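Visitor: Hi, got a minute to walk me through this one? I'd like to start with a single residue and work outwards.
Guide: Sure, here it is.

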Amino acid sequence: MDSIKSLGELSMGSRLKRMSDMCMRTIQRAYDHYNIDFDPFLFPAFHFIATNGKTTNTALCEALQTTQPAVTQNINKLNEKKLIELVTDETDKRKKIISLSSKGIILQLHMKPLWQAMDQAVKKYTQLPAHSLLEHIDLFESAVKSGAFFNTIIDIMETKPKTKIIDFDPQYQQAFYDLNIEWLKTFFYVEELDKEVLSKPEKYILEPGGHIFFAIEDGEAVGTVALMKAKKGHYELTKM
């Protein structure tokens, strides 16, 4: 007998807390399944930093609606994993500017497809017809307990369009520009030199001996990266 469930609405807080814990364990299992070293409890803070490019502890507190100690703990854990960078604000030495590190950026790109699969899986079990919040909780909790929620995440991931990596193809030149401009606007800022290089990749990257690669799904370029030739046998990773 499930004594908490039998209490009905009286146990709403306990039911939500239990479901949250069960959901977190399933999400962790999904990360582990794909060999992704990430703590799901860090997701809200990590995602906010990734989305905003640069932020502060105060902004995180306001955005996540949580306490300063909780945010500090999240920041410390992300920093320990080398997923973020902390830089002292030039105008206020007491303030730290938080942004993703190169490791964090790469991890975020790696996790995005899994986040999308998780989102679709949650919607599958929370958009079913129900007459009350408790009934929705019952349906979702049952899916988590049975393993159906986890299996749905994996099924969605496995049925996603397969990605292939190709060398530079002129038909994707506009995608090279658009993807990089979006990336720069999200994490840094766009300079005129960036626009010049991105609009003429053959001149500035390929002709000097560099390389450009595209990630293609269903004929569409969904990712790109360039290797700029630095010196003989050495290349600089750029334009992601």
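Visitor: Which residues does Thr-152 touch, leaving out those up to four places away in sequence?
Guide: Thr-152 touches Ala-121, Lys-124 and Tyr-125. Bear in mind that this is a predicted model.

Visitor: Where is Thr-152 found?
Guide: In helix α8.

Visitor: And is Thr-152 buried or exposed?
Guide: Thr-152 counts as buried, because its relative accessibility is 8% and the cut-off for buried is under 20%.

Visitor: How much of the whole protein counts as buried?
Guide: Of its 240 residues, 35%.

Visitor: OK, zooming out then. How many helices and strands are there?
Guide: The protein has 11 helices and seven strands. Along the principal axes, the C-alpha atoms fill a box of roughly 70 × 50 × 30 Å.

Visitor: What about the accessible surface, how much is there?
Guide: About 14500 Å², and carbon and sulfur atoms hold 54% of that.

Visitor: And charges, how many of each sign?
Guide: There are 30 positive and 32 negative charges, and their mean positions lie 4 Å apart.

Visitor: What share of the contacts with a separation of 6 or more comes from residues 24 or more positions apart?
Guide: That share is 56%.

Visitor: Got an example of residues far apart in sequence with a short C-alpha distance to look at?
Guide: Try Lys-164 and Glu-217: 53 residues apart in sequence, with 6.8 Å between their C-alpha atoms. Lys-164 is found in strand β4. Setting aside neighbours within four places in sequence, Lys-164 is in contact with Phe-214, Ala-215 and Ile-216.

Visitor: Is Lys-164 buried or exposed?
Guide: Lys-164 is exposed, since its relative accessible area is 52% and exposed means over 50%.

Visitor: What comes after β4?
Guide: A loop leads from β4 (164-167) to α9, and Gln-171 sits in that loop. Gln-171 counts as exposed at 58% relative accessibility. Its C-alpha atom is 9.8 Å from that of Ala-221, which is 50 residues away along the chain.

Visitor: How far apart in space are Asp-21 and Pro-170?
Guide: C-alpha to C-alpha, Asp-21 and Pro-170 are 49 Å apart, with their positions 149 residues apart in sequence. Asp-21 is found in helix α2. With a relative accessible area of 25%, Asp-21 is partly exposed.

Visitor: Changing topic: how much space lies in the largest pocket?
Guide: About 1600 Å³.

Visitor: How many residues line the largest pocket, and which lie nearest its centre?
Guide: The lining has 48 residues, and nearest the centre are Gln-108, Leu-109, His-110, Lys-112 and Pro-113. The elements that give two or more residues to the lining are α2 (12-33), α3 (43-52), α6 (102-126), α8 (148-159), α9 (173-187), β5 (211-217) and β6 (220-231).

Visitor: Which element gives the most to that lining?
Guide: That's α6, with 13 residues. Helix α8, where we found Thr-152, is also on the list of elements giving two or more.

Visitor: Last topic, backbone angles. Which residue has a positive phi of about 55 degrees although it is not a glycine?
Guide: Gln-65. Gln-65 lies in the loop between α4 (57-64) and α5 (68-80), and counts as exposed at 69% relative accessibility.

Visitor: Why pick out a positive phi at all?
Guide: Because most residues other than glycine have a negative phi.

Visitor: Where else should I look for one?
Guide: Go to Lys-82, where phi is near 60 degrees, again a positive value in a residue other than glycine. Lys-82 is in the loop between α5 and β2 (84-88).

Visitor: Is Lys-82 buried or exposed?
Guide: Lys-82 counts as exposed, because its relative accessibility is 58%.

Visitor: Great, thanks, I'll go and click through those.

How values were computed. Residues numbered from 1 in each chain as written. Predicted model: local features only at pLDDT ≥ 70, side-chain atom pairs only at ≥ 80, totals over all residues. Heavy atoms only, no water. Helix = DSSP H or I, 4+ residues; strand = E, 2+ residues; numbered from the N terminus. Buried < 20%, exposed > 50% of the residue type's maximum accessible area, 1.4 Å probe, protein only. Contact = heavy atoms within 4.5 Å. Areas by Shrake-Rupley, 256 points an atom, 1.4 Å probe, with all protein chains shown as cover. Lys, Arg positive; Asp, Glu negative; His and termini not counted. Charge placed at Lys NZ, Arg CZ, Asp CG, Glu CD. 1 Å grid on protein atoms, 1.4 Å probe; cavity = no way out; pocket = protein on both sides within 12 Å on 5 of 7 lines; lining within 4 Å. Points joined across faces, edges and corners; volume = space filled by probe spheres on them.
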